Amino acid sequence: MTTPMRRYGVGARWYDVLSGERWVYRAGREAGIRLLDPRPGDTVIDLGCGTGLNFAGLVAAVGPTGRVIGVDRSSDMLAVARRRIGAAAAGWHDIVTLVEADAATLDPATLRAAAGGRGADAVFSTYALSVIPARDEAWRRACAAVRPGGRAGIVDMQRPRGRWRVLEPLALLACATGGADIDAHPWRLLERDAADSRSVVRAERKGGHLVAVAAELSPAVTR
Ligand SMILES: C[S@@+](CC[C@H](N)C(=O)[O-])C[C@H]1O[C@@H](n2cnc3c(N)ncnc32)[C@H](O)[C@@H]1O
């Protein structure tokens, strides 16, 4: 059996090509960033950032005075992310910081320090919480690094619906390859921890296979 560390280790350099990004998964991250709606100057934590496929969208939103903190436990995925930062046109070095850590044991103080000693404005996670068995703990720690009144966004997968159900075997294969639990539905963590159900916004893409949810976080989970 492929362990998660090996899957996102030796497989890191192929991830962008083999992950179905272009045809499927990009649509989810774009919907998620739109719903999260980061503002110029914001600091956003990208939890389980992998190779940094969210960076372009997040950097475009937070601008040169903002910060993106990418957290991942795979040094190989972060090596690809680092190359992406280096290859980007002007300025990403000053905006994007990478933290190599297991999100389920990471001290929120580490993230707050990376955010310049204050709480981040938002946490965002795409296709990562369904891979992390201790997702509730990882989520709780990331939220504890967000300032009161801050926002969060989760993009992840579920079984396709309606006439798209014929693609379920492909979706299951993609999840099995990536080590994701398609039935984890991690956006429920955010629905649970939202400040108020009216602040929750949601979008679905690719026949409901991709779910993006964003909301203001409850003061009970931020610090
Ligand atoms: C399917 S990839 C998603 C990467 C990226 N967010 C994206 O949208 O392309 C899942 C990522 O979660 C990371 N990951 C898995 N378990 C983790 C953990 N406990 N702590 C931090 N990162 C973890 C993996 O290393 C991998 O980069």
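This passage looks at two neighbouring residues of strand 4, Phe-124 and Ser-125, and then at the two largest pockets. The model is a predicted one.

Start with Phe-124, which sits in strand 4, the stretch covering residues 120–126. Its relative accessibility comes out at 0%, so Phe-124 counts as buried, the cut-off for that label being under 20%. Setting aside residues within four places in sequence, the contacts of Phe-124 include Arg-29, Gly-32, Ile-33 and Leu-36. Phe-124 also contacts Val-44, Ile-45, Asp-46 and Leu-47, along with Asn-54 and Leu-58. Further along the chain, Gly-153 and Val-155 complete the list of its contacts. As for Gly-70, which lies 54 residues away from Phe-124 along the chain, the two C-alpha atoms are 9.7 Å apart.

Next comes Ser-125, likewise part of strand 4. Ser-125 has a relative accessibility of 1% and therefore counts as buried too. With residues up to four places away in sequence left out, Ser-125 touches Leu-47, Gly-153, Ile-154 and Val-155. The link to Leu-47 has a polar side to it: a polar atom in the Ser-125 side chain is 2.9 Å from the backbone oxygen of Leu-47. Leu-47, Gly-153 and Val-155 thus turn up in the contacts of both Phe-124 and Ser-125.

Now for the pockets. The largest pocket holds about 760 Å³ of space. Its lining is made up of 30 residues, with Leu-18, Ser-19, Gly-20, Tyr-25 and Ala-174 closest to the centre. Three elements give two or more residues each to this lining, namely helix 2 (15–18), helix 3 (21–36) and helix 9 (168–178). Helix 9 makes the largest contribution, at seven residues. Sorted by class, the lining of the largest pocket contains 20 nonpolar residues, six polar ones and four charged ones.

The second largest pocket has a volume of about 460 Å³. Here 28 residues form the lining, and those nearest the centre are Tyr-8, Gly-48, Asp-72, Ala-128 and Val-131. Among the elements involved, helix 1 (4–7) and strand 2 (67–72) each provide at least two lining residues. By class, the lining of the second largest pocket splits into 17 nonpolar, seven polar and four charged residues.

Note on methods
Residues are numbered from 1 along each chain as its sequence is written. This is a predicted model: local features need pLDDT of at least 70, side-chain atom pairs count only at pLDDT 80 or more; totals for chains, interfaces and linings use all residues. Side-chain values use heavy atoms; hydrogens and water are left out. Helices (H or I, at least four residues) and strands (E, at least two) are DSSP runs, numbered from the N terminus. Buried means under 20% relative accessible area, exposed over 50%, partly exposed in between (1.4 Å probe, protein chains only). Contact means heavy atoms within 4.5 Å. A polar contact is a pair of N or O atoms within 3.5 Å; within protein, one must be able to donate a hydrogen and the other to accept it, and residues adjacent in sequence count only if both atoms are side-chain atoms. On a 1 Å grid over the protein atoms alone, a cavity is a set of points where a 1.4 Å probe fits but cannot get out, and a pocket is an open set with protein on both sides within 12 Å along at least five of seven lines; lining residues have an atom within 4 Å of a point. Grid points are joined across faces, edges and corners, and a volume is the space filled by probe spheres set on the points. Ala, Val, Leu, Ile, Met, Phe, Trp, Tyr, Cys and Pro count as nonpolar, Asp, Glu, Lys and Arg as charged, and the others, Gly among them, as polar.
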